[in-house]
Structures are given as structure tokens and as C-alpha cells.
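Please open the structure in your viewer and keep the sequence panel beside it. This tour goes from stop to stop, and at each one it suggests a selection and then says what is there.

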Amino acid sequence: MVAEERTEIAPVLEAHGIFKRYGRVTALNGVEFEAYPREIVALIGDNGAGKSTLIKILSGAIRPDEGTIVLDGQTVEFHTPRDARDAGIETVYQDLALAQDLDVATNLFLGREVVLPGLLGMLEFLNRKAMRTQAAQYLRQLRVTIQNPRQTVDTLSGGQRQSVAVARAVFWGKHILILDEPTAALGVAQSTMVLELIQRVRDQGLTVVFISHNMPHVFEVADRMIVLRHGQRVGTLFPKEASMEQAVSLMTGALGTDSRTA
């Protein structure tokens, strides 16, 4: 995608003038961010660039010292991760937050369980059959290869676990899916599975914010890349136009600030 294709489209998520300080350390220094509808936007940068801090602010885990967040054209404030989730922003961190000893279906509904109707529901008896049926249908829709939604998570491969975490986020997310290093601990085949899932999620209408150190993976799936360095946004690159060398040069400071920086 080229810059001209975005001029008439409003971002679904924006962040303006974001500052975050920890004592004398400035983690984010006036960062600007935008994500467009049906886009995979990669957030890249070296260690300490501010990527994790920014996504924690966008997902409600921490609050900025200064700056504003705009969702669907409306200024919003997230005091907790639940605020962001209620607004339609789902985040999958590296630890996945899956319950290893519970089955796949239960994990998809974790914290949002379906209860039985009537008195049993008032007593919080779970409707496991309904959850398993919905889980199986949804996993098939996303083409996530799980033999049985009754499988416990600890029996799954790394790629399958990551896929379950992504599927859960997509199942409940309305607007934005934030993925923090989704392929970091995976092999080649498992990474391919997850990257294909990310593209399917985008094609089904969600916006994906993709944080990764893996440049080949970024160039494979991202529509656009925002580059952070030392807490500042230093460039915007488009994989179809840029090279990995340019991306790394921006990340390390060898290239200088990119002219497309917002």
C-alpha cells in the first residue's frame, strides 16, 4: 500500500503526542500512531524503542503521562485493560494468558463463559456443549487446525496455542487486534500457520497491530510499518517499496529520520 491510498481513509485507531516517563527515563517521547481499517500495521524497533510501552497504553495496561487516544474518531481514555476490551481492542501478549489445563473451548470463552438457561444459569452452571459447538464452528471459520475443542491446551503445539490465543482475541475483538511477538518462540511451520491466520483475520475485517523483531515475518504480512527508536517515531515504511536494510537502518539510526514520519 502506498501513502496516497490512505489519504481519504480515516484511521480506526490513533494516538497523538504520547509521552510516558519512568523517573528520569522517557520511554515514549511525543509518539504519533495510526492504524487504518483492514490493515496489518507492524510496530518495529530495537529493544528499548518503546514498542511494548506503546501497546500497553493502547491496550489500557498503563496510562500515558500526556497525549490522547482516538478510536473511531472519538477521544477515549482507558483506565484498565477491560476498558480497552470493552471498546473492541484485544491484545495477545507473548505469554498468551491461556489456561493450560483447560480445554480449547473453555479458553476461547475464558472470563466470558456461557451459562445454562434458567435457574442453573443463575447458579452459574456452564453450558459447555454450547461453548464447544461455537468454538468448533469458529475455529473452522478461521481455519485453525484443532482436532477437538475438548483438547486441553497443554496437548497443543506452540503454533496451535498461539492460534487459539489469536482466535480468542478475534472472537471477542470488534476493531483492533494487537499481537506482541506472535511468532517469537515458534518454528518455521508453526510460524507460517500463525502468519496465515493473521492475514485471514485482516481479510475478515479487523485491523491488526503486529509487533515483531522478525523482519522477514514483518515484510511477509505487514501493509505498513511504523518504526520507533529511543521512544520516538522515526519513520513509516511500506514493505512493497522499502527494503529490510532500510528498516534496520531506521531502527538503528543509520538512515536518519524518514521523510514520511507523521
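Is R143 exposed or buried? With a relative accessible area of 58%, R143 is exposed, where exposed means over 50% relative accessible area, buried means under 20%, and partly exposed lies in between, with a 1.4 Å probe and protein chains only. Before going further, note that this is a predicted model, in which local features need pLDDT of at least 70 and side-chain atom pairs count only at pLDDT 80 or more, while totals for chains, interfaces and linings use all residues. Residues are numbered from 1 along each chain as its sequence is written, and side-chain values use heavy atoms, with hydrogens and water left out.

**Two loops**

Keep R143 selected and look at the backbone around it, in the loop between α5 (128–141) and α6. The names refer to DSSP runs numbered from the N terminus, with helices being H or I runs of at least four residues and strands being E runs of at least two. R143 has a positive phi, near 60°, in a residue other than glycine.

Next select H230, which sits in the loop between β9 (224–229) and β10 (232–237). Its phi is also positive, about 50°, although H230 is not a glycine, and at 57% relative accessibility H230 counts as exposed.

**The whole protein**

Now zoom out until the full chain is in view and colour it by secondary structure, which comes to nine helices and 10 strands. Taken along the principal axes, the C-alpha atoms fill a box of roughly 60 × 40 × 40 Å. The radius of gyration is 19 Å, which agrees with the value near 18 Å for a compact globule of 262 residues; this radius is taken over C-alpha atoms, and the globule rule is 2.2 Å times the number of residues to the power 0.38.

Of the 262 residues, 48% are buried. Among contacts between residues at least 6 apart in sequence, 64% join residues at least 24 apart, a contact being heavy atoms within 4.5 Å.

**A covered helix**

Select residues 51–58, which form helix α1, and show their side chains: this helix is mostly covered, with six of its eight residues buried. The buried ones are K51, T53, L54, I55, I57 and L58. Then move to G60, which follows α1 and has a positive phi, near 85°.

**The largest pocket**

For the next stop, select R85, E90, T91, R112 and R168, which lie nearest the centre of the largest pocket among the 20 residues that line it. The elements that give two or more residues to this lining are α2 (81–86), β6 (89–92) and α6 (158–172), and α2 gives the most, with five residues.

A pocket here is found on a 1 Å grid over the protein atoms alone, as an open set of points where a 1.4 Å probe fits, with protein on both sides within 12 Å along at least five of seven lines, and lining residues have an atom within 4 Å of a point. The volume of the largest pocket is about 470 Å³, counted as the space filled by probe spheres set on the points, which are joined across faces, edges and corners.

If you colour the lining by class, you will find 10 nonpolar, three polar and seven charged residues. Asp, Glu, Lys and Arg count as charged, Ala, Val, Leu, Ile, Met, Phe, Trp, Tyr, Cys and Pro as nonpolar, and the others, Gly among them, as polar.

**Single residues and distances**

Select M215 in helix α8 (residues 215–221). Why does M215 count as buried? Its relative accessibility is 8%, and therefore M215 counts as buried. Leaving aside neighbours within four places in sequence, M215 is in contact with I44, M244, A247, V248 and M251. Draw a C-alpha to C-alpha line from M215 to E245, and the distance is 9.8 Å, although the two are 30 residues apart in sequence.

Move on to A189 in helix α7 (residues 188–203), which counts as exposed at 62% relative accessibility. The C-alpha atoms of A189 and G159, 30 residues apart along the chain, are separated by 8.2 Å.

Finish with E32 in strand β2 (residues 25–35), which is partly exposed at 24% relative accessibility. From E32 to T68, 36 residues away in sequence, the C-alpha to C-alpha distance is 9.7 Å.
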